[in-house]
Structures are given as C-alpha cells and as structure tokens.
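Hi,

I hope your week is going well. Here is the structure I promised to pass on to you, with my notes underneath.

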Amino acid sequence: MLELRLVQGSLLKKVLEAIKELVTDANFDCSGTGFSLQAMDSSHVALVALLLRSEGFEHYRCDRNLSMGMNLGNMAKMLRCAGNDDIITIKADDGSDTVTFMFESPNQDKIADFEMKLMDIDSEHLGIPDSEYQAIVRMPSSEFSRICKDLSSIGDTVIISVTKEGVKFSTAGDIGTANIVCRQNNTVDKPEQSTIIEMQEPVSLTFALRYMNSFTKASPLSDQVTISLSSELPVVVEYEIGEMGYIRFYLAPKIEEDEEMKA
Amino acid sequence: MLELRLVQGSLLKKVLEAIKELVTDANFDCSGTGFSLQAMDSSHVALVALLLRSEGFEHYRCDRNLSMGMNLGNMAKMLRCAGNDDIITIKADDGSDTVTFMFESPNQDKIADFEMKLMDIDSEHLGIPDSEYQAIVRMPSSEFSRICKDLSSIGDTVIISVTKEGVKFSTAGDIGTANIVCRQNNTVDKPEQSTIIEMQEPVSLTFALRYMNSFTKASPLSDQVTISLSSELPVVVEYEIGEMGYIRFYLAPKIEEDEEMKA
Amino acid sequence: MLELRLVQGSLLKKVLEAIKELVTDANFDCSGTGFSLQAMDSSHVALVALLLRSEGFEHYRCDRNLSMGMNLGNMAKMLRCAGNDDIITIKADDGSDTVTFMFESPNQDKIADFEMKLMDIDSEHLGIPDSEYQAIVRMPSSEFSRICKDLSSIGDTVIISVTKEGVKFSTAGDIGTANIVCRQNNTVDKPEQSTIIEMQEPVSLTFALRYMNSFTKASPLSDQVTISLSSELPVVVEYEIGEMGYIRFYLAPKIEEDEEMKA
C-alpha cells in the first residue's frame, strides 16, 4: 500500500505544470527514499529527473517499491482541480491499476478524490553519474526564463558562455543578433536575486532554445536556477523543490555550432 | 412609456453576461411588478427566469404592460459599453420598435445613449408552480462554479448527492473518476462562505455539466447560490440579485443515469 | 557616429507598440534636433509623425544627419526584450548597415546588445503646415480609447461633433445606434482627468473607427490626448511623450457621410 501526504500540495501541482509539456507518459517510482521520476522527452532529446524525498511528506507510507505509469497530461488535469492551499495525498492499493489523488481544503470543508487509471510504460532507468563541471551558474530563475524567452524572438539556439566576469547568452537569426550578459552579483541581503558563478575554466556551449524554454516552466518551483556546464556533458538545469528535492533537466549541447547558427 | 432607472447599473451588465450564452433572443416583460424575463435556452433543455422588482429601481415608470423582444448578444454588446459605476436607464416610447439604454457616469461628465432595434419573438410564458424540494443546498457561488469547471475536465455529467453530512458532486470519464464532497459549514462570521443543507430526504440526481457551467456565469451576481433538488422535478439553481430579485435556472435531471455514465 | 542614450527606455518601447501595427517599415531620422519619424500607414490613409527631442536624451551624439530604415515589427520584437526600467541606447556607426540597441538594467547587472539589420526605404518627407483648427478637444486618453473601442462594437465609423457643451461621438450599425457625449470638465486638482474644449466654431466630421482604434494604442504614453478638428483638414490625434516630444496621427475625414452611414 502507498499513501503519501503532502501538506504543501501546490508543489506537486507546479511539478506537473513544469514537466507535462516535455513528457507525455512516465513512470513515477516510489521507494523508501522518495517519490521520483526519470523520463526522456517525447523526441528523446532531453531528460527529466524529479525527486521528492520521503522526509518532505507529512506522512509517507510505501510498503514495497512501486512503479506507476501515468499520463502526465491527465495527471495535470486532475491536480489542477486541487486548490493552491490544499493538502494532497497520493494513494494506491497493492496490485491496483489505479491511483487516487485526494485533495483536502485547509479547513477540511471540501474533500475531493480523483481516481486515475495507471498505464504500462516501458522504461529503462539511466544511471546518471555525478560529474565535475567546468562552470556552474546560479541565477534568478525568473531572469533565466526571461532571457530564454527574449532570445527566442530572435533565434533558435542559444550560446551560453561563462567567463569570470559573468555569463553571456547569445543568439542570431534573420532579423539580427542578440547578446545578453549577466554579471556576477552576490546580493547578501537578497540571496534570491544573486547571480553566482563557480568557474574552473571558461566554457561556451550551444543549445536549442526550444528545450531551454520548456525547462523554464519549472520557474514557479524555485527563485533560483542552477546551470551546470561542461564541454563533454549534457547541461544540467536544476530547480530545487523547497527542501524536499529537485527537478533536473539534462540536454546535450549542439555540435557544429557554426553550422547551426547559419541555418 | 417606459423609463426604468437603475443606479447600480453593473447588475444589469452582469445579468446579461450570465444569460447571453444560454439564450439568444428573448422577450423582456415590464409590468408594475418589475422587469422580468422567462426563456428556454436555444436547445430547449434549460429554462431561465429573471426578475428585477420595481422597488429596486430608483425610478420605475411603466404605463402599461410591455413585452420587448431583444437579441441578448446585441444587448450585451451595448451594456458592455456602460462603465461599472454607471447609472443605467432603460427607455422605450409607446409603440416604438426600439429601446434605448442610457448610461450616465457617476460624475455626469459622460452620457451615452444606445438605441437598439426590438424584435418580434413568439414565446409562451410557462407557469412555474412553487414546489417542495427534497433537499436545498446553499453554498458559495465561487465554490460551485469551481467544482463544475473542475469536473468538466474529467466527465460530461455530474451526479449531485445530498446527505445529512454534505453534498457530493461526482463524475466519470475516460481518464478516471472524481468525487468532491462539501461538508455543511455554518460560518457565522462569514455567512457568504457558509454551506448550509436543508434536507427532507437523501437525493441523488444526474445533470449535464455543460448546462451547469453555463449557469455559473451568474456567479458575479451573488456570493451564494441555492440548489434545490427533488427526484421528480427540474433542479433550480438560483442566484439572488442584491435585494431586488433573482435569476433562476431550471434543468431536468438525466434519466438512465447508469447508461449515461458509460457513454 | 550615432549614440542616443534614453534613461526612460520604456518610452521607446511604448512608442513602438503604438505605431508598429499601423506602419510596417519606416525611416527614423536623426539630426541635431532629435530622433524623428514620419510615415504613412500601409494602406496610405493615415500619417504618423514622431519626435523625440535631443534634449530629452541623457546623451545625444549625432555627427551627421542620418536616416535609418527599420522594420518596425522587428524593432518592436527587440525592444520588448528591454526591461521596463532599463536604460536604452541606440547606436550606429557611420556607413554601417546595422543599428544596435543596448539595454542596461538599473543596477547594471544585466547588459544586452541587440543588433538589427537596416533597410533601404524610399520615402518622401511631407511638409505639414501649422494650421488653425475649428475645435481642439483635450481629454483623458483612456476615455477616448474606451469610446472608440465601445463604438466599434456597434459601427464602423465615428462622427465627432464639437459644440460649446461638449464633444459627441456617434455611430450607427446593423444592431442600432450610439451617441456618447463628454462634457467640458476642468478638474483643477486632477488635470489628467479633465476634458477641455477650445472651439472657434462647431464642427462635425466622420472618421473610420479602425484607424482611431489604432491611434489609441499610444494611450500608455500619455494621460491626455489632443484631438484637433477642422472641416478642410485631416484630424490630428496627438499624444505627448513626457516633455521630450510627441506622436501625432493624421487622418482625413470621410466625405459623403450619409452614404457611409448607410453602408
């Protein structure tokens, strides 16, 4: 039997809104560690990894490891019916082919049960090794989101270049070119607005803006986003989920960067 | 001659927004009692009854009973041109084939006259007998609106079941099922947020969500909605209009409930 | 070399939003006087004239008179990437076929350069003589915008009639007619809400509402709009841009007014 009670139910609502466009169907895995998901996007280019640690739930009962296949669009439809202050409980009986989402209003006046059919989904869990990155940028998530959106109105790809001075986002398209530089800025009294750069060596990588824009749908989860870059590795775009976990997006850089910019 | 001056003109704006989707053309009836309307929706399934009592108008002159056929879409277009704080006066000369809506801004700086052509509409006035209902639910109109909208994302019909404990709204569809229970809750200090159930006997009836969602367009008129249910009668969904009247929607329950839920 | 630094960059953003729908491509002219534009709309019916005086810029360097052809849609796309509090600098090198817009965030943490290709555009500069007008109406820009929008839901043209008492906006269409009268109103303590009429003689002219609605896109630039009317001249609809300039729209009145109203 599975019963996971999340007092801050809005976190789960935001998680679904963050990934439902990228991933259509996916297995949610429940274990003693927590409630997690790992899935490729539908075009098999980007990878999403989600973890909500068991300690973050008010009540966490998971008698045995369980993998539940869900259509994320349908799951998002149901979670959208939860109020922003509702407590959400995820329930499943052993061997059942359904999962139940229970929404309780803060004053307990309104209680809703939404039952959803589960799906069989083939998936393989990729091991993602811990890596050293050439540069790690931590910046306001709203700023990163704004930059990706702005550059999309000019071009299709973004070159992210990190130097000691700051991080530069560049693009080019039919109507012209754009460069946006964010300087390092350690705002002590407003840490959520700071931009902090940890750099081993300068790095410059090219990515498809379409995916970056998808990733920024997770911005409501966290004031800050962390972007980890290395020449040989997929970029990791990470949003922390309160103190209970994270959502991480992985995307391989584009090669033949010059070719790309001409296209 | 007809001259009806309504200081709180926004009420008339809200009335039109509430019914213009359901009813295309209708006769407004003016008499010594008040300004009223009774009309079937265009698919002849639901009935709307509106009453604005003469006492609610600052000035109410109606020399003889008058029935004015109007296209509600066009009337709504004109009323949308009134400011929310405007005083609205409805004027018609005897024998004229037009009606005039006059909008006065609160400081009298701006005065608008909108003249609309009247239509000949065949209609028969149904006598609606006062009935005893098995259960009457009074609840926040925003809550009822939210529930109908949420359930529409899952299914096409709603089963409304009333017991002593509360009122349950249920639906089922391809992606799963949903049950939302609202408990009785007599909030003395915030009466507009209370949910009060008067029950003679338990009742459970099925309705098309499409119509329920249409009815909830009247929510801006009142903080509370009253839902009157009996097995043998159409449900009545009523919104009070200040202290001057009401708008009531009537809808027959669906029979062969089990059949419906399978479809 | 050209370098124009505008501390209140949002003004330039608003200017582009005001004219980009009306004008597709246009030459911006830079001289010692200021940064200006004069262009016909794409159907050659309305004329737009913009002036931002050099004194309004924090820094204004323009070594020689320069005419820069720009696609206003693309320019608006780039300016939309500037924050509302950003300082905007327009830069162009002599003989270059590009212009650069630089956006600096108020705290200098984020600096963006957008480079846009220039176009060759044939244009002739019309001399617009100063004229005496029969009537000049100065009124809240939001009010004028609301009136044009409201009348558009009834008809296609507006008759603007000025008398000593006030200004009347009228239209007619299939569903009826509308007249909106704004009275003169010199609100001393809230000058931005006043309606002031300077009248030499009564005047009544007909205009296409489609263009009037386009002009009102400039409303965010100024609390007040000035409408100058004469029987023999195009109407001038003017919005001041802070203390540094203006945007003026010119539109010829419709002749055979009765014919038009029948159509």
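Below is what I found, going from the symmetry to the interfaces and then to some strands in chain A.

Before anything else, please keep in mind that this is a predicted model.

**Symmetry**

Let me begin with how the copies are arranged. Chain A is superposed on chain B by a rotation of 120° with 0.0 Å of shift along its axis, and the RMSD is 0.0 Å. That is the relation of a three-fold axis. For chain B on chain C, the superposition again takes a rotation of 120° with 0.0 Å of shift along the axis (RMSD 0.0 Å). Which residue of chain A comes closest to the rotation axis? It is Pro220(A), whose C-alpha lies at 17 Å. In chain B, the residue that comes closest is Pro220(B), at 17 Å by its C-alpha.

**Chain A with chain B**

Here 17 residues of chain A are in contact with 18 residues of chain B. Between them the two chains bury about 1400 Å², with 47% of it on carbon and sulfur atoms. One salt bridge is found across this interface. It joins Lys110(A) to Glu143(B), with the closest N and O atoms 2.8 Å apart. There are also eleven residue pairs in polar contact, both residues being at pLDDT 80 or more.

On the side of chain A that touches chain B, helix H2 (72–79) and strand E9 (110–117) of chain A each supply at least two residues. E9(A) gives the most, with eight residues. Sorted by class, that side has seven nonpolar, three polar and seven charged residues.

E9(A) also pairs across the interface: seven bridges join it to strand E13 (residues 176–183) of chain B, and the two strands run antiparallel. If you would like a spot to look at in the viewer, try Glu115(A), whose bridge partner in E13(B) is Thr177(B).

**Chain B with chain C**

This contact takes 17 residues from chain B and 18 residues from chain C. The area buried between the two chains is about 1500 Å², and carbon and sulfur atoms give 48% of that. Within chain B, Asp109(B), Lys110(B) and Ile111(B) lose the most area to chain C, together 35% of what that side buries.

How many salt bridges cross the interface of chain B and chain C? The rule finds one, and it is formed by Glu143(C) with Lys110(B), whose closest N and O atoms are 2.8 Å apart. The count of residue pairs in polar contact between chain B and chain C is eleven (both at pLDDT 80 or more). The largest share of the side of chain B that touches chain C comes from E9(B), with eight residues.

E9(B) is joined to strand E13 (residues 176–183) of chain C by seven bridges, and these strands run antiparallel. Lys110(B) turns up here as well, with Cys182(C) as its bridge partner in E13(C).

**Strands within chain A**

Finally, a look inside one copy. Strand E2 (residues 25–30) of chain A pairs with strand E6 (residues 66–71) of chain A in the antiparallel sense, over six bridges. In this pairing, Asp25(A) stands opposite Asn71(A) in E6(A). E2(A) also pairs in the antiparallel sense with strand E3 (residues 34–40) of chain A, over three bridges. There, Asp29(A) stands opposite Ser36(A) in E3(A). E2(A) and E3(A) form a hairpin, with three residues between them.

Happy browsing, and all the best!

Conventions: Residues are numbered from 1 along each chain as its sequence is written. Chains are lettered from A and ligands numbered from 1 in the order in which they are written. This is a predicted model: local features need pLDDT of at least 70, side-chain atom pairs count only at pLDDT 80 or more; totals for chains, interfaces and linings use all residues. Side-chain values use heavy atoms; hydrogens and water are left out. Copies are superposed by least squares on the C-alpha atoms of residues with pLDDT of at least 70 in both. Contact means heavy atoms within 4.5 Å. Buried area is the accessible area (1.4 Å probe) that two parts lose on being put together, summed over both. A salt bridge is a side-chain nitrogen of Lys or Arg within 4 Å of a carboxyl oxygen of Asp or Glu. A polar contact is a pair of N or O atoms within 3.5 Å; within protein, one must be able to donate a hydrogen and the other to accept it, and residues adjacent in sequence count only if both atoms are side-chain atoms. Helices (H or I, at least four residues) and strands (E, at least two) are DSSP runs, numbered from the N terminus. Two strands pair if DSSP finds at least two bridges between them. Ala, Val, Leu, Ile, Met, Phe, Trp, Tyr, Cys and Pro count as nonpolar, Asp, Glu, Lys and Arg as charged, and the others, Gly among them, as polar.
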